[in-house]
Amino acid sequence: RVARLTKVLRQAGDSDIPKVAAAIRDGVVPVLQPWTGQTEGVFLIPLAAMMDTYRKLRSCGEVMLIAALRNTVDAINSTEAAFWLKPGVPTRRLGPLSTVAVGDPVVATANRYADGLFNGLLGVVHSTAGAQIEVLWDGETTPRTLPAEAEGDIELAYAITCHKAQGSSAASVVVAVEDTPLVTREWLYTAITRGRSLVMKREKKPKC
């Protein structure tokens, strides 16, 4: 038995996001216009403006940056954590890979059912006071204390891989279209459909 989903629920009925995603799924290259500040649709942004655009969107609301390569994700997370860290705000080391502060977006990287944590679950650090960290997870209204044994399974999420983004969404999404075999039609379809209102694809860097 096979069930086919035919109704889009994440985006509004008149959104261009499902149309562009469907074209990519079917092997059709969509014609996209440059982004000039629009709040709805799918647009292109130049490589040189990607991070400035991301920061502008993050200052205004909810945004997700999706990349294919782990090295890209790690580099963006390191840069953005330093950029958004306010003077005097303490940081806290989580395991061998992540240092976080209040306001940092984070993602769970393993399933810990007993703790109500699932691989790909996104949240925001709410408090680092004392010996424990509190995180407000997506879909919840009250921050939860992060168990000490789960700290090593939490990473920064200024940028995340498309694999980690599955099952999540954001009002705005920036998609880094990298020159790698990982970026397939299926990958791009998944990345674009994480956005509810606005999606911006980074233009590929021209080959020399």
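## Salt bridges in a predicted model

Aspartate 74 has a relative accessible area of 35% and is partly exposed. The model is predicted, and the exercises below concern its salt bridges.

**Exercise 1.** Find which side chain meets aspartate 74 in a salt bridge, and state where the two residues lie in helix H3.

Solution.
- Step 1. The partner is arginine 70, with an N to O distance of 3.0 Å. The cut-off is 4 Å, so the pair qualifies.
- Step 2. Helix H3 spans residues 70-84, and arginine 70 and aspartate 74 are 4 residues apart in it, so about one helical turn separates them.
- Step 3. Arginine 70 is partly exposed, at 39% relative accessibility; aspartate 74 is likewise partly exposed, at 35%.
- Step 4. A network of salt bridges links Arg70 and Asp74 with Glu155.

**Exercise 2.** Determine which parts of the chain are linked by the salt bridge between glutamate 151 and arginine 92, and whether glutamate 151 is buried or exposed.

Solution.
- Step 1. The side chains of glutamate 151 and arginine 92 meet at 2.9 Å, N to O.
- Step 2. Glutamate 151 sits in the loop between strand S9 (144-146) and strand S10 (154-156), while arginine 92 belongs to strand S4 (residues 92-94). The two are 59 residues apart, so this pair links distant parts of the chain.
- Step 3. Glutamate 151 has 11% relative accessibility; buried means under 20%, so glutamate 151 is buried.

**Exercise 3.** Identify the salt-bridge partner of aspartate 115 and classify its accessibility.

Solution.
- Step 1. The partner is arginine 112, at 3.1 Å from N to O.
- Step 2. Arginine 112 has a relative accessible area of 22%, and is partly exposed.

**Exercise 4.** State how many salt bridges the rule gives.

Solution. The count is 10 salt bridges.

Terms used: Residues numbered from 1 in each chain as written. Predicted model: local features only at pLDDT ≥ 70, side-chain atom pairs only at ≥ 80, totals over all residues. Heavy atoms only, no water. Buried < 20%, exposed > 50% of the residue type's maximum accessible area, 1.4 Å probe, protein only.
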